[in-house]
2 protein chains.
Amino acid sequence: MPPLTRKAEAFSALVLEVFQLNGLLLQAGDRLSAPAGLTSARWQVLGVIDHGPATVAAVARTMGLARQSVQQTADALASDGFVEYVENPHHQRAKCVSLTAAGRRALRKVEQAQAEWADRMAASLAPALLASAVKGIREARLRLEKDLAVEERSHEG
Amino acid sequence: MPPLTRKAEAFSALVLEVFQLNGLLLQAGDRLSAPAGLTSARWQVLGVIDHGPATVAAVARTMGLARQSVQQTADALASDGFVEYVENPHHQRAKCVSLTAAGRRALRKVEQAQAEWADRMAASLAPALLASAVKGIREARLRLEKDLAVEERSHEG
DNA sequence: GTCAAGATGACAGGAGCCTGTCAATATGGG
DNA sequence: CCCATATTGACAGGCTCCTGTCATCTTGAC
């Protein structure tokens, strides 16, 4: 390991913690959604179209993912009967992804479990600590977004 | 969305921030390692065997990943000439993954870039905020680990 | 020394994300 | 109306993680 400054060490510690927590959160999400026959990724998609049918591309933009990633998930959901493609009056080719009754049932079930889980987690964490963690992570995220954007620009024209 | 308590809302905010930051960190890692011909995952493996050759299974345990995940990465690194499999005096079948000269060069290059990046990031974040963020995330992680372990036990015999 | 149990790598297959390419469709300037 | 451009879904393929199965090798109890 190269010698890091003390501040850089602290930042690296944050990175490690975020990686670990992220992994655990994904695990928890899969565990919450499994009883409903879903996974984290599929549940997220159902959540997006809960307020109304949308095209795959629109869902992808909402989730901040690549179009084709959502396409794959949506096709899987369709073949499992959780969603269906319905005609889009505004576009001949781009059909809308719509919840089926089974999809809505599954979504409600996961949301119920998720609410209980979030309550359980939050109840055992000091509110002040939670708030400062969110604040710190947000700062780091904003800083990182700026950094990545700068490099982006320097790689263009 | 189901009605969440205020504390649950705060926890959910933390989850969202962690997901976003994690994604950006992966992106940054790939960007740091790309100039050396590596990716985040491959760089991590090189880092583990930097202090000495090790078997695939040992690297996997160190990284907290499944054995076969590391196997795939190690095979890819070997076919790209960054590592080589060397005889293991303690085990006939399990060879050790060892850095080649090219692998060591690439690793040093990434570590240099990573150190500069960590300095840059850390320099623009208030130390107190960074510290409290790490503390809060760690608390959440520990809480979540406990929760997942409980469910684990309840799913066994 | 023998044999069961555990560890290990090879192989197969899947999930979820990504990229790139292509043809079909919308959209908007002229 | 026409055509360049952008958007969209289909298709192909890659990366990183996972799981499960199998034969081989090691280890430890007896």
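These exercises work through the protein surface around DNA strand C in a predicted model.

**Exercise 1.** Determine which residues come nearest to DNA strand C, and what portion of the strand's atoms within 4 Å of the protein is sugar and phosphate.

*Solution.* Begin with the 22 residues around DNA strand C, of which Thr39(A), Ser69(A), Gln92(A), Arg67(B) and Gln68(B) come nearest. Then turn to the strand itself, where sugar and phosphate make up 58% of the atoms that come within 4 Å of the protein.

**Exercise 2.** Identify side chains with polar atoms close to a phosphate oxygen or a base nitrogen of DNA strand C, using a cut-off of 3.5 Å for a polar contact.

*Solution.* Take the phosphate oxygens before the bases: one lies 2.3 Å from an N or O atom in the side chain of Ser69(A), and for the side chain of Arg61(B) the corresponding distance to a phosphate oxygen is 2.7 Å. Next consider the bases, where a base nitrogen of DNA strand C is found 2.5 Å from a polar side-chain atom of Gln68(B).

Finally, assign the surface to elements giving two or more residues: chain A supplies helix H2 (40-48), helix H4 (67-79) and strand E3 (91-99), while chain B supplies helix H3 (56-63), helix H4 (67-79) and strand E2 (91-99). The largest share, 4 residues, belongs to H4(A).

**Exercise 3.** Classify the residues of this surface as nonpolar, polar or charged, and describe the annotated span of chain A.

*Solution.* The surface residues divide into 6 nonpolar, 10 polar and 6 charged. For the span, an unreviewed UniProt entry places "domain: HTH marR-type" at residues 7-146 of chain A; these residues are 71% helix and 12% strand, with their end C-alpha atoms 19 Å apart.

Note on methods. Residues numbered from 1 in each chain as written. Chains lettered and ligands numbered in written order. Predicted model: local features only at pLDDT ≥ 70, side-chain atom pairs only at ≥ 80, totals over all residues. Heavy atoms only, no water. Near = heavy atom within 4 Å. Polar contact = N/O pair within 3.5 Å; in protein donor to acceptor, adjacent residues only side chain to side chain. Nonpolar A, V, L, I, M, F, W, Y, C, P; charged D, E, K, R; others polar. UniProt positions renumbered as here; feature names shortened; annotations may be inferred.
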